[in-house]
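Visitor: I'm new to this one. Could you walk me through how to read it?

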Amino acid sequence: MKILLITDKETTKEILSFHLTPLGFEFLHYLNPIKAMDNIEEIDPDIVLFSGEDFPRHWKPFLQYLRSFRERDKTIFILLSPEHLEVEEAAKAIFLGVNGIIIEDFSDESRMDQLRRLVSRYKMLNDKRIVPRYVPMSADKMDLVFNHPDSMKLVTGTIKNISFSGASFLPDNPQITLDLTPGKKINHCSLKLGENIISFNASVLRNSNILILDFDSLTDESRDQLSVYLEQSSNRKLESIISTGAS
């Protein structure tokens with residue numbers, strides 16, 4: 001699969017190539033967006049990563065031209081944006097058929113994770129990891145709660161990362177969970193995904209203040225709900241940008 005990268009930043013190219021080449025992607029890097037647009041049909045990329053920060057006047061006509069012959073599920077277009085993207089620009093991106101917007105600062109590990117998830121939504125990745133993990137973003141509403149299996153005290157906290165097989169979880173009060181040793185069973189965990197709640201049993205894999213949990217009984221229906229919620233992360237991010245700017 002081919003990625004067409006249009007950016008003036010060598011560091012962006014190096015970081016993306018380092019993380020995505022092992023997943024089976026071939027990189028084509030263009031410094032000139034006009035030349036890239038002239039050759040787009042010949043290049044026939046699976047994914048376009050376009051730096052809106054480097055070329056703020058070019059990404060809209062490029063995307064409009066791309067969508068004139070390629071639908072969103074055929075060629076992914078991801079806008080690499082500056083730290084603060086204007087609401088009007090985000091709205092134009094959605095109207096023109098962007099697949100996602102990611103801030104072009106990959107020193108934040110969660111952004112690379114967001115990029116992997118966005119790409120994997122449309123294209124099959126050759127990721128050798130058994131279960132890719134997802135780092136919740138600010139626009140996500142994910143809460144995990146359960147009762148301590150012995151004391152029955154309510155345990156709340158923050159999900160650090162999550163997958164279909166388990167989660168890394170930081171309790172609000174680690175003192176409550178200090179005695180949860182590896183192998184301890186936790187029944188009736190509740191995971192809130194936006195307005196929906198899924199329930200399952202879990203086991204403790206590790207405990208060093210942060211709990212590493214293994215999901216023992218995630219049903220196919222619950223797995224589907226989790227999958228759909230994670231896939232919609234980019235949409236929630238776009239909606240958050242628009243609503244924040246409008247308020």
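Visitor: Is strand 1 mostly covered or mostly open, and how many of its residues are buried?

Guide: First, some ground rules. This is a predicted model, where local features need pLDDT of at least 70 and side-chain atom pairs count only at pLDDT 80 or more, while totals for chains, interfaces and linings use all residues. Residues are numbered from 1 along each chain as its sequence is written, and side-chain values use heavy atoms, leaving out hydrogens and water. Buried means under 20% relative accessible area, exposed means over 50%, and partly exposed is in between (1.4 Å probe, protein chains only). Strands (E, at least two residues) and helices (H or I, at least four) are DSSP runs, numbered from the N terminus. Here, strand 1 covers residues 2-6, and four of its five residues are buried, so "mostly covered" fits.

Visitor: Which strands pair with strand 1, and in what sense?

Guide: Two strands pair if DSSP finds at least two bridges between them. Strand 1 runs parallel to strand 2 (residues 26-30), with five bridges, and parallel to strand 3 (residues 47-51), with four. Look at L4: its bridge partner in strand 2 is L28, and in strand 3 it stands opposite V48.

Visitor: What do strand 1, helix 1 and strand 2 make together?

Guide: They form a right-handed β-α-β unit, with helix 1 at residues 10-20. Right-handed means that, with the strands pointing away from you, the path from the first strand over the helix to the second runs clockwise.

Visitor: What is the strand order in the open sheet of seven strands?

Guide: The order is 7-6-10-11-12-9-8, with antiparallel pairing. Strand 7 (154-155) and strand 8 (157-162) are the edges, each pairing on one side only. Within that sheet, strand 10 (residues 185-193) and strand 11 (residues 196-208) share seven antiparallel bridges, and K185 stands opposite S203 in strand 11.

Visitor: How many salt bridges does a search of the whole structure find?

Guide: Side chains of opposite charge can pair when their charged atoms come close. The cut-off is a side-chain nitrogen of Lys or Arg within 4 Å of a carboxyl oxygen of Asp or Glu. The search finds 11. One of them joins K60 and E89, with the closest N and O atoms 3.1 Å apart. K60 is in helix 4 (residues 59-67) and E89 in helix 5 (residues 87-96), so the pair ties together parts 29 residues apart in sequence. E89 is buried, at 17% relative accessible area.

Visitor: Which residue of helix 5 also meets E89 in a salt bridge?

Guide: That's K92, at 3.7 Å, N to O. K92 is partly exposed, at 40% relative accessibility.
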